[in-house]
Each structure stands twice: as C-alpha cells, then as structure tokens.
Amino acid sequence: MIRNQWYVVLESRKIKRKPVGLVRFNEKLVFWRDEDNKVHCIHDICCHRGASLSKGCVHKDMIACPFHGFEYDATGQVKEIPALGKNYEVPKDFRVKAYPVREAYDLIWMWYGEMGSETDELHFFDDLKSDYFYSGFSEVWPVHYTRAIENQLDVVHLPFVHKTTIGKGMGKVVNGPVVKWSENRMTFYVNNVEDHGQAALKASEIKNYESLFQLQFQMPNTWQNIISDRVRIFAAFVPIDDHHTEIIIRMYQQYIKVPILGKFLGYISNYFNKIILHQDRDVVMTQIPDRTDLKMHEKLIPGDLPIIEYRKKRNALLNLDVKTNHET
Ligand code: FES
Ligand SMILES: [Fe+2]
C-alpha cells in the first residue's frame, strides 16, 4: 500500500451521528462526526481491553468506549478514564493510532500516513469540483484493489466483457493507447477500431490523440471517464483488506439540475452502471494471481499500456516511501 497519500475511503453520507466501524488498509478503524460536524478517524480497538470504540458514543469532540467509558480525542489519546476520576492525569501511552481525515466533494479522505505529515491538497478532478450534479452508489468486490483499479485502465476488454452493453459493436483492434502523465495523474486516450486486416497503430503513430476518447486515473485511487464535456463517470477504489475493495461509482452530469428529474436520471444511470460494473466484477474475480505487481508473469500487449504505466508509478511511489522511511 502506498503511504503518505490522501485516499478516498468513504462516501460522506455514510457517516451520520453514530460512530461507524470499518476496515480500511487491513486496519479496524472508527469514523465519527464531532459536534461541529468534523469527521475523525482512529483505530477501533480500545487500548484498555480491546473493545470496539465504534460501538460507543460521541461526547462533544471525543469518542467513548462502550465497555468502561475511556474517552479518546481525535489524535487517539485517552483523555478521561471514568474509573479514576475526572481529574486523573491519563498517561501519554494510553492511546491508539489516529489518521488525518478531510471531507470534501461529499467524500471522506484519509491520509494514510502519520498525523502532521499530511499535505494540504486533495487531488480531486478539477472539472468535477463545481457545476456538476451527481448520483451514485458503492459496493464491495471480493478482489485486491490492484485488480479493481486495473480493470478500469483496461481498454482491451470492452468488446468482450461488455459485448451486450457499452462494448456492443465496438472494434476489437486497439490503436495505442496514448498515455500521458501530469505528476501523479495519468490521462489515456483510446482508439478502438474495426479489424480490416490492418496492424494496430503504435501510440507514436497516432496523430491528434487529444481528440480521442479520454479517461484519467489519479494516484492513489480515483478515476474518471470523460464521456463528454458535460457527463463523467467517477470511481474510487477503496482498499479494505487483501481480498476486498469498495468501489464508489458516480455519474456527474450538467444537463439536468431540477432535483426530481436529476434524481430520476440518477436512478436510471445507477441501474445501468451496476449492470456494467457487474460484467466487470464477474471476470475480475477470476483473475490469478489475486493482486498485481510490476514484475509478474503476465504476457502483456501494447493495449495494456495504461496498466503497465500504473504498475510503474505504483512501484515508484512504493519505493519512494520505503526510501523515505529508511532515511528518517
Ligand atoms: S475496553 Fe474500552 S474502556 Fe475498557
Ligand atoms: Fe469494464
């Protein structure tokens, strides 16, 4: 897992008044909103005798364990032990791990790194920041996050996996694709055509690639499909554990802004996106090995370039992390 990155980990609407216990990054976590509506996240295993804090309740900006009432602040420090009286000074090592959390664009973002090391900027897609209306849903796939992500970078599969939906009648020959990076954001340009016996074009042979169909992946875990100037499909791939990934899907659109009509359009779009997503899921669940790496025994083809590029970037960020932690 790449550390020191802001990850989308949850939809905002999933955290209301009660604390929520979830597994993310193989860790048991509790999320809660304080009285000022600010979201916090700490480990969901009480340092006293191991009960789940997510079964407890919120007191002002703290969360109280349901077992013996230890109260934790947002940094994971126990501030009160009721059995020892409210004036008892709690030792500093009565604490659990905490993560920085932000809420933006109706999403909860978690800094998978140390408290205080977080950067200011959340790398959300600029063009979705305003003036779009969205509808969406989330679901859990029983796959490693690398397989879920790479499925959305795969430009070769559409006429096969989606032959009854979005890939119907689509050409099977994959020209390119052309891949461009801007920092940790990859844009890939797709040009699938009919097979008339011609060779697939190399990426370097494609002129005017910017006029082609475009998709983007932002490290570490968000993606968008630029359907048109006014319609986008957004996805976030949330690592749960080694065998599960939550996928958050949204359709953003600028056509219909009347709430009731927008809701109806959202309903239809969710229905079709679920069909398409399940076509993907049924194949991705069968992939062996269950996770990917830069060096592995797959026979990749030029059409797999976005996947290869993702693996390279992921590896570079993982190595950077190892090096940084080694040096400090
Ligand atoms: S187990 Fe949490 S206060 Fe005792
Ligand atoms: Fe697909």
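**Strand pairing around β3**

I started with V20 and looked up its bridge partner in β3, which turned out to be F31. This is a predicted model, so I read everything below with that in mind. V20 sits within strand β2 (residues 20-24), and β2 pairs with β3 in the antiparallel sense over 5 bridges. I then checked the connection: β2 and β3 make a hairpin with 2 residues between them. F25 is in that turn, and its phi is positive, about 55°.

Next I went to the other neighbour of β3. Strand β4 (residues 39-43) runs antiparallel to β3, and 5 bridges join the two. I picked L29 as a reference point and found H43 as its bridge partner in β4. Here too I noted a hairpin, with 5 residues between β3 and β4. N37 in this turn has a positive phi of about 75°.

Is β3 itself enclosed or open? I counted burial along residues 27-33: 6 of the 7 are buried, so the strand is largely enclosed by the rest of the structure.

**F137 and N270**

I moved on to F137, which lies in strand β12 (residues 133-141). F137 is buried, at a relative accessible area of 6%. Leaving aside neighbours within four places in sequence, I listed its contacts: E11, R13, I247, I248, I249, N270, N273, K274 and L277. I also took a long-range distance: the C-alpha atoms of F137 and P302 are 33 Å apart, with 165 residues separating the two along the chain.

N270 was on that contact list, so I looked it up from its own side. N270 is found in helix α3 and is buried, with a relative accessible area of 16%. Beyond its neighbours within four places in sequence, N270 touches S135, G136 and F137.

**The iron site**

Which residues hold the iron ion (ligand 2)? I found H157 (NE2), H162 (NE2) and D280, the last entered twice through OD, at 2.0 to 2.6 Å from the ion. Along the chain the donors follow the spacing H-x4-H-x117-D. I then placed two of them: H157 is in the loop between α1 (145-151) and α2 (158-161), while D280 is in helix α3 (residues 259-284), so this pair ties together parts 123 residues apart in sequence. Both H157 and D280 are buried.

Last entry, the geometry. The 4 donor atoms around the iron ion (ligand 2) subtend angles of 55 to 150°, so I logged the arrangement as irregular.

Methods. Residues numbered from 1 in each chain as written. Chains lettered and ligands numbered in written order. Predicted model: local features only at pLDDT ≥ 70, side-chain atom pairs only at ≥ 80, totals over all residues. Heavy atoms only, no water. Donors = N, O, S within 2.8 Å, 3.2 Å for Na, K, Ca; no water. Tetrahedral: all angles 85-135°; square planar, octahedral: opposite > 155°, others 65-115°. Helix = DSSP H or I, 4+ residues; strand = E, 2+ residues; numbered from the N terminus. Buried < 20%, exposed > 50% of the residue type's maximum accessible area, 1.4 Å probe, protein only. Contact = heavy atoms within 4.5 Å. Pairing = 2+ DSSP bridges.
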